[in-house]
Amino acid sequence: MEMNTTILERARAYRDDTARVLSDLVKITSYSGKEEAVCRRIVEMCEEYGFDEVRIDGLGSVVARVGKGPKKLAIDGHVDTVEVGDPDAWNKDPFSGDIAGGLVYGRGTSDQKGGAAAMITAGRMLKELGYDGEFSVYFTFTVMEEDCDGMCWKYLIEEEGLKPDFIVSTEPTSCRLYRGHRGRMEMMARLKGVSSHGSAPERGVSAAYKAARAALAMEKLNEDLQPDDDNFLGKGTIVVSQVDVKGPSQCAVPDQAMLYLDRRLTWGEDADLAISQVKRYMAEAVGDPEDEIEVTMPDYTKRGWRDADYGQELYFPTWKIPEEHEVVQAGIAAYESLYGKRPVVDKWTFSTNLVASTGRHKVPAIGFGPGDEDQAHAPNEITRVEDLEICSAFYAMLPYALEVGAKA
Ligand SMILES: [Zn+2]
């Protein structure tokens with residue numbers, strides 16, 4: 001029997017098991033930085049299915065390997081979730097993990113424990129098939145993504161030396177094949193004024209009025225931003241998300257202003273460019289030299305469940321892989337061999353761990369995952385059991401398709 005048929009049959013046979021694995025994972029609350037219990041459960045499951053190596057890294061992510069080939073393929077799913085929000089907005093317990101009518105219910109079903117469940121079944125199938133090909137297939141169940149996307153992969157690559165040849169994110173794509181998303185960064189801009197008594201504003205220079213002009217300059221910058229060359233990712237954006245103005249008293253001209261900025265980056269835009277744009281637009285608007293306007297990226301410093309001393313600046317670089325790249329083509333071939341038609345090729349609106357592996361470290365990547373992006377962070381989150389089956393087959397097929405692609 002052909003490998004694609006074997007994999008399809010097994011994915012179908014394990015469909016209910018995959019749904020039950022997801023249900024189990026949903027029942028274990030795992031907010032960012034508090035993933036220990038869900039990670040321990042995943043270790044148990046991977047060991048039960050005979051994965052070749054299962055370990056927990058220094059930051060707290062589970063790394064489970066099948067195969068021992070010289071090349072490395074990583075299939076990644078984050079196992080933290082956002083919180084519930086208003087509990088009254090939920091029709092049932094957010095952690096019920098109920099399975100009914102072809103759906104699995106609860107926080108994290110789409111974003112993205114469904115991906116993790118499909119990965120576990122894929123590894124189980126590869127073990128049963130005796131996969132012994134060119135790849136070591138790493139299934140990574142990663143932590144703290146919702147707080148600081150990609151930090152877990154920055155850690156795996158820079159601290160643990162696990163740099164794969166290819167990576168797949170299993171964040172929700174509705175079983176479409178994704179090949180990019182915009183990056184993002186956060187910035188703080190600081191402007192200085194000269195304080196004076198509130199009764200004599202003409203003696204001072206107001207940091208508040210500078211902040212107002214600087215904010216309007218960001219509105220102008222947002223309008224001036226351009227899409228990427230082929231308009232695949234669209235244009236970047238900038239938003240003033242907070243403004244803070246201070247002075248010696250409430251009866252004084254303020255001398256300090258801070259603007260907090262959210263910047264989405266399209267292809268070709270990076271941190272240096274974004275910072276220089278902010279300085280230029282603000283300098284022109286407020287009449288200060290550019291070097292007097294301080295623009296910095298704040299750091300993320302929260303500790304995870306293993307209490308590792310690790311952080312990074314709030315910079316999440318853009319990634320985009322050309323459609324003709326071998327990893328995109330292998331993804332298309334894997335899908336076609338299973339389902340007899342081409343997958344839809346598109347992009348995410350939100351950001352994923354691929355900002356680190358691919359935006360920062362240039363590992364060729366694709367995205368393919370169960371569930372819908374618009375379920376992420378929403379009340380009454382669900383995913384489809386059908387998608388879990390499709391994705392488990394896709395992940396198991398991919399190492400074979402990559403090998404065929406390399407030989408073609
Ligand atoms: Zn996610």
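**A kinked helix and the core around it**

In helix 10, a kink of about 35° is found at Leu398, shortly before the proline Pro399, where the bend at a residue is the angle between axes fitted to the seven residues ending there and the seven starting there. The structure is a predicted model, in which local features need pLDDT of at least 70 and side-chain atom pairs count only at pLDDT 80 or more, while totals for chains, interfaces and linings use all residues. Residues are numbered from 1 along each chain as its sequence is written. Helices (H or I, at least four residues) and strands (E, at least two) are DSSP runs, numbered from the N terminus.

The expected span of a helix is 1.5 Å times one less than its number of residues, and for the 23 residues of helix 10 this gives 33 Å, which agrees with the 34 Å between its end C-alpha atoms. A residue is called buried if 20 or more other C-beta atoms, placed from the backbone, lie within 10 Å of its own, exposed if 12 or fewer do, and partly exposed in between. Because 17 of its 23 residues are buried, helix 10 is largely enclosed by the rest of the structure.

The largest nonpolar core, a set of buried Ala, Val, Leu, Ile, Met, Phe, Trp, Tyr and Cys residues joined through C-beta atoms within 7 Å, has 108 residues, and those with the most contacts inside it are Phe394 and Met397. Helix 10 (residues 385-407) gives the largest share of this core, 13 residues. Since domain 1 (3-181 + 318-407) and domain 2 (183-300) both contribute residues, the core lies between them. Two residues are in contact if their C-beta atoms, placed from the backbone, lie within 7 Å; by this criterion, and leaving aside neighbours within four places in sequence, Phe394 touches Ala334, Tyr335, Leu338 and Phe368.

The division of the protein chain into domain 1 and domain 2 uses bounds from an automatic or database domain assignment. The centres of these domains, taken over C-alpha atoms, are separated by 38 Å, and the contact takes 11 residues from domain 1 and nine residues from domain 2. On the side of domain 1 that touches domain 2, strand 9 (180-181) and helix 9 (354-360) each supply at least two residues.

The secondary structure of the protein chain comprises 10 helices and 20 strands. Its radius of gyration, taken over C-alpha atoms, is 24 Å, close to the 22 Å that the globule rule (2.2 Å times the number of residues to the power 0.38) gives for 408 residues, so the chain is as compact as a globular protein of that length. Of the contacts with a separation of 6 or more, 79% join residues 24 or more positions apart.

Some backbone features are also noted. Most residues other than glycine have a negative phi, and most peptide bonds are trans. Asp111 and Gln112, however, are joined by a cis peptide bond with omega of about -15°, and Gln112 belongs to helix 4 (residues 109-128). Lys362, although not a glycine, has a positive phi of about 60°; it is placed in the loop between helix 9 and strand 19 (365-367) and is exposed, with 11 other C-beta atoms within 10 Å. Asn380 likewise has a positive phi of about 60° and is found in the loop between strand 19 and strand 20 (382-384), where Asn380 counts as partly exposed with 13 C-beta neighbours inside 10 Å.
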